[in-house]
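Got the model open in your viewer? Here is a short tour, stop by stop, with something to select at each one.

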Amino acid sequence: IGVSAGMYVSGRLIDRYALRSKQAYALVPAVGLAIAVPFFVGFVWAPGWGLALLFLAVPTFLNYFYLSPAVALVQEEVRPNQRVMAGALLLLVMNLIGLGLGPTYLGLASDYFRATNPDNSLQLAFYTLVPFYVLAVALFLVLARVLRKEAGRTGGR
């Protein structure tokens with residue numbers, strides 16, 4: 001529910017704000033991920049599953065604020081005869097990184113922490129994901145800057 005709602009809401013936000021500025025394609029995900037960080041930390045910190053689940057609902061919703069803008073921007077930026085291939089390549093890269101490297105990294109980090117903290121190694125591994133949120137926000141802000149400069153050069157929105 002959270003993932004679907006996140007994609008829907010971010011798509012609606014892009015429909016509304018991208019008409020004014022292409023920077024919305026980057027700023028909507030950046031703001032969503034920045035807001036998600038404290039809730040993700042709360043999820044990892046939570047002493048029980050009930051509270052953890054409440055905290056997790058927010059990042060589950062906000063973490064997918066990137067998907068609709070990413071797909072829409074790629075589809076808008078390429079020629080019509082390139083849209084299928086561009087969309088397929090985008091999804092391939094996102095899935096290789098997110099579904100391929102993400103769980104593998106988390107498992108490796110948990111195994112690493114197990115030697116010194118066997119009772120909470122997975123929790124510590126989850127804490128190591130916070131810098132990736134920061135990196136993602138920073139990269140979206142860089143993209144926003146690139147889109148602003150491009151709009152300035154072309155005289156577009």
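Before counting anything, a word on what counts: helices (H or I, at least four residues) and strands (E, at least two) are DSSP runs, numbered from the N terminus. Bear in mind too that this is a predicted model.

**Stop 1: the whole chain**

Start with a cartoon view. The secondary structure comes to 7 helices and 0 strands, so defined as DSSP runs. Walk along the sequence and the pattern you follow is α-α-α-α-α-α-α. The C-alpha trace spans about 55 × 30 × 25 Å along its principal axes.

Now switch on a surface. About 9,800 Å² of the protein is exposed, and carbon and sulfur atoms supply 71% of that. Of the 157 residues, 31% are buried. As for contacts between residues at least 6 apart in sequence, 66% of them join residues at least 24 apart.

**Stop 2: the largest pocket**

Select Asn63, Tyr66, Met94, Ile97 and Gly98. What are you looking at? The largest pocket holds about 1,500 Å³ of space. It is lined by 34 residues, and the five you just selected are the closest to its centre.

Which elements give two or more residues to the lining? They are α2 (24-45), α3 (49-62), α4 (67-77), α5 and α7 (130-154). Colour α5 separately here: α5 gives the most to the lining of the largest pocket, with 13 residues.

Then colour the lining by class. You should get 29 nonpolar residues, 5 polar ones and no charged ones.

**Stop 3: Ser110 and its partners**

Stay on helix α5, which covers residues 83-114, and select Ser110 in it. Is Ser110 buried or exposed? Its relative accessible area is 7%, so Ser110 is buried, since buried means under 20%. Leaving out residues up to four places away in sequence, Ser110 touches Ser121, Leu122 and Ala125.

Hop across to Ser121, one of those partners. Ser121 sits in helix α6, residues 121-127. Ser121 is buried too, with a relative accessible area of 5%. Show its contacts, again skipping neighbours within four places in sequence, and you find Ser110, Phe113 and Arg114.

While you are in α6, select Leu124, which also belongs to that helix. Its relative accessible area is 21%, so Leu124 counts as partly exposed: the cut-off for buried is under 20%. Not counting residues up to four places away in sequence, Leu124 touches Phe113 and Asn117. If you like, draw a C-alpha to C-alpha distance from Leu124 to Leu106: these two are 18 residues apart in sequence and 9.7 Å apart in space.

**Stop 4: the aromatic rings**

Next, show the side chains of the aromatic residues. A search of the whole structure finds 9 aromatic pairs. One of them is Phe61 with Phe65, with 5.2 Å centre to centre and 70° between the planes, an edge-to-face arrangement. Phe61 is partly exposed at 25% relative accessibility, whereas Phe65 is buried at 6%.

For another pair, select Tyr105 and Phe132. Their ring centres are 5.4 Å apart and their planes are at 70°, so this pair is edge-to-face, because planes over 60 degrees apart count that way. What does the pair tie together? Tyr105 lies in helix α5 and Phe132 in helix α7, so the pair links parts that are 27 residues apart in sequence. Tyr105 is partly exposed, with a relative accessible area of 31%, and Phe132 is partly exposed as well, at 45%.

Finish this stop by selecting Phe40, Phe43, Phe126 and Tyr133 together. These four form one aromatic cluster.

**Stop 5: out to a loop**

Last selection: Arg20. You will find Arg20 in the loop between α1 (2-17) and α2. At 57% relative accessibility, Arg20 counts as exposed, as the class takes values over 50%. Draw one more C-alpha distance, from Arg20 to Val31: the two are 11 residues apart along the chain and separated by 17 Å.

How values were computed: Residues numbered from 1 in each chain as written. Predicted model: local features only at pLDDT ≥ 70, side-chain atom pairs only at ≥ 80, totals over all residues. Heavy atoms only, no water. Buried < 20%, exposed > 50% of the residue type's maximum accessible area, 1.4 Å probe, protein only. Contact = heavy atoms within 4.5 Å. 1 Å grid on protein atoms, 1.4 Å probe; cavity = no way out; pocket = protein on both sides within 12 Å on 5 of 7 lines; lining within 4 Å. Points joined across faces, edges and corners; volume = space filled by probe spheres on them. Nonpolar A, V, L, I, M, F, W, Y, C, P; charged D, E, K, R; others polar. Areas by Shrake-Rupley, 256 points an atom, 1.4 Å probe, with all protein chains shown as cover. Phe/Tyr/Trp six-rings, centres within 6.5 Å; stacked < 30°, edge-to-face > 60°.
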